Amino acid sequence: MKKKIAIIFGVTGQDGFYLSKLLLKKNYIVHGIKRRSSSVPTKRIEKFLNQKNFIVHYGDITDTSSIQNLISSINPDEIYNLAAQSHVGVSFFTPLFTANVNAIGVLAILEAIKNHKKRIKFYQAGTSEMFGKTKDKFQSEKTNFNPQSPYGTAKVFAHQITQNYRDAYNIFAANGILFNHESPMRGDNFVTKKIVSSLTKIKYGKQKKLVLGNLYAKRDWGHASDYVEAIYKILQQKTPDDYVIATGKDYTIKEFVNKTAKILNLNINWKGKGLKEIGIDNKGKTIIIVDKKYFRPLEVDYLKGNASKAKKILKWKMKNNLNDLIKEMIKHELNELKIN
Ligand code: NAP
Ligand code: GDD
């Protein structure tokens, strides 16, 4: 049987790693698109680079000509767009760049798909940040969008233009609405990775303090390897549609800190309030402090998803719970620190 060909925009990121692994296992030919960088951008996907079914090309989704050239020369069956300026906090500092990549870049891919000779299936990496400030206790495909950041706002455009091209041009274009998902491959400046990495180093005397922002936002955290299974399934359906992917459980940042500390056998006593809140260890040493520089001009206070549609139609199932995820992330940190 002829091998399927996929393009992954955003192949060098966390989800790019897990999706490449999954598609290679399914015998796809995977074309990953990397950006030019002054350092090595392919660290996460290093182990795939010598495989004959894994080919990496330079490209950038803000460069319309590079997208058109790649799509016409590769002639893929499926395109997964994971490329984004994916940090919500940073999007307040780089709003125009974020909008160019996260919104206009998506439109550029859709235009290239519209003009291509073959029918290509398209996945757009949407986000629970699109719900923003919501009154719904659980957010589903029916919940209204009310984004609270340049990141979330740009992603709403991407979501809606994907639906628009699906309806107007009969393109197989589908949106995932994924809640937070983490892994050992998570970028260093996302809160889970920062907490796990810092507390592990503190436990082994290699760091003094963990500095955090808002401890009381709630997030619904899953494992990236489970979420890319859903991404794949979304493109294997007969008809394109949009799906929420979530665990249905939410925790505060402080609860995530406490869970990680417990697994590490670190005791934390909390004292104080607001910017003066601190976490103290058994010996009375302050190991966690709050700094306003990590607060955002607007916050999304809580996110908790209802993934019933994905469970019913995609038959999507999660394999990892939050404790499994934290344990795996800690194990990875210990390996990095060469501690067994
Ligand atoms: P990530 O680790 O930050 O990866 C983002 C990827 O996009 C990287 O490969 C990055 O390349 C690439 N990229 C950025 N700008 C680009 C451009 N102009 N042209 C081409 N590539 C570009 O993010 P992730 O966690 O894997 O998330 C994947 C996607 O899912 C993103 O779109 C994100 O917004 C969305 N999402 C993520 C979550 C989550 O919790 N992880 C939840 C919902 C939705 P470099 O390596 O060169 O920076
Ligand atoms: N990054 C970070 N760093 N966040 C902190 C910190 C800190 O030091 N302290 C507290 N937080 C809070 C943030 O204010 C936010 O409420 C929460 O921790 C989670 O922050 P992030 O881990 O940066 O993730 P996010 O929820 O803003 O965005 C992630 O999930 C989205 C899906 O809901 C990203 O992966 C997005 O790309 C994704 O769309």
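Which residue has a polar backbone atom 2.6 Å from an oxygen atom of ligand 2? The residue is Ser-86, whose backbone supplies the polar atom at that distance. The structure is a predicted model, and the following paragraphs lead through its two ligands and then through the packing of some of its helices.

The surroundings of ligand 2 may be taken up where the opening question leaves them. Besides the contact with the backbone of Ser-86, two side chains reach oxygen atoms of this ligand. Tyr-151 places a polar side-chain atom 2.5 Å from an oxygen atom of ligand 2, and an N or O atom in the side chain of Arg-296 is 2.6 Å from an oxygen atom of ligand 2. Of the 720 Å² of accessible area that ligand 2 has on its own, the protein covers 95%. Two elements give two or more residues to the shell around ligand 2, namely helix α6, residues 191-203, and strand β8, residues 210-212.

The shell around ligand 2 can also be described as a whole. It consists of 24 residues, and the closest are Thr-127, Ser-128, Tyr-151, Arg-296 and Glu-299. Divided by class, the shell around ligand 2 holds 10 nonpolar, eight polar and six charged residues.

Attention now turns to ligand 1. This ligand is surrounded by 23 residues, of which the closest are Thr-12, Arg-35, Asp-60, Ser-86 and Tyr-151. Ser-86 and Tyr-151 have already appeared in the account of ligand 2, the former through its backbone and the latter through its side chain. By class, the residues around ligand 1 are nine nonpolar, nine polar and five charged.

Several polar atoms of the protein approach oxygen atoms of ligand 1. Thr-12 does so with a polar side-chain atom, at 2.6 Å. Asp-15 contributes a backbone N or O atom that lies 2.8 Å from an oxygen atom of ligand 1, while a polar backbone atom of His-181 is 2.9 Å from an oxygen atom of the ligand. On its own, ligand 1 has 900 Å² of accessible area, and the protein covers 89% of it. The elements that give two or more residues to the shell around ligand 1 are α1 (14-25), β5 (121-127) and α5 (150-169). Among the elements, β5 gives the most, with three residues.

The final topic is helix packing. Two packed helices are described by the angle between their axes and the distance between the axes. Helix α6, already named for its part in the shell around ligand 2, packs against α10 at an angle of about 55 degrees, with the axes 9 Å apart. Because of that angle, α6 is oblique to α10. The crossing of α6 and α10 is right-handed.

Helix α10, residues 322-336, also meets helix α8, residues 253-263; their axes come within 10 Å and cross at roughly 60 degrees. The angle therefore makes α8 oblique to α10. The crossing of α8 and α10 is right-handed.

Note on methods: Residues are numbered from 1 along each chain as its sequence is written. Chains are lettered from A and ligands numbered from 1 in the order in which they are written. This is a predicted model: local features need pLDDT of at least 70, side-chain atom pairs count only at pLDDT 80 or more; totals for chains, interfaces and linings use all residues. Side-chain values use heavy atoms; hydrogens and water are left out. A residue is near a molecule or strand if one of its heavy atoms lies within 4 Å of it. A polar contact is a pair of N or O atoms within 3.5 Å; within protein, one must be able to donate a hydrogen and the other to accept it, and residues adjacent in sequence count only if both atoms are side-chain atoms. Accessible areas come from the Shrake-Rupley method with a 1.4 Å probe; for residues, only the protein chains shown count as cover. Helices (H or I, at least four residues) and strands (E, at least two) are DSSP runs, numbered from the N terminus. Ala, Val, Leu, Ile, Met, Phe, Trp, Tyr, Cys and Pro count as nonpolar, Asp, Glu, Lys and Arg as charged, and the others, Gly among them, as polar. Axes are lines fitted to C-alpha atoms, for helices over the stretch in contact, and angles run from 0 to 180 degrees between N-to-C directions. Angles under 35 degrees count as roughly parallel, over 145 as roughly antiparallel, 65 to 115 as roughly perpendicular and the rest as oblique. A crossing is left-handed if the near helix is turned anticlockwise from the far one by less than a right angle, and right-handed if clockwise.
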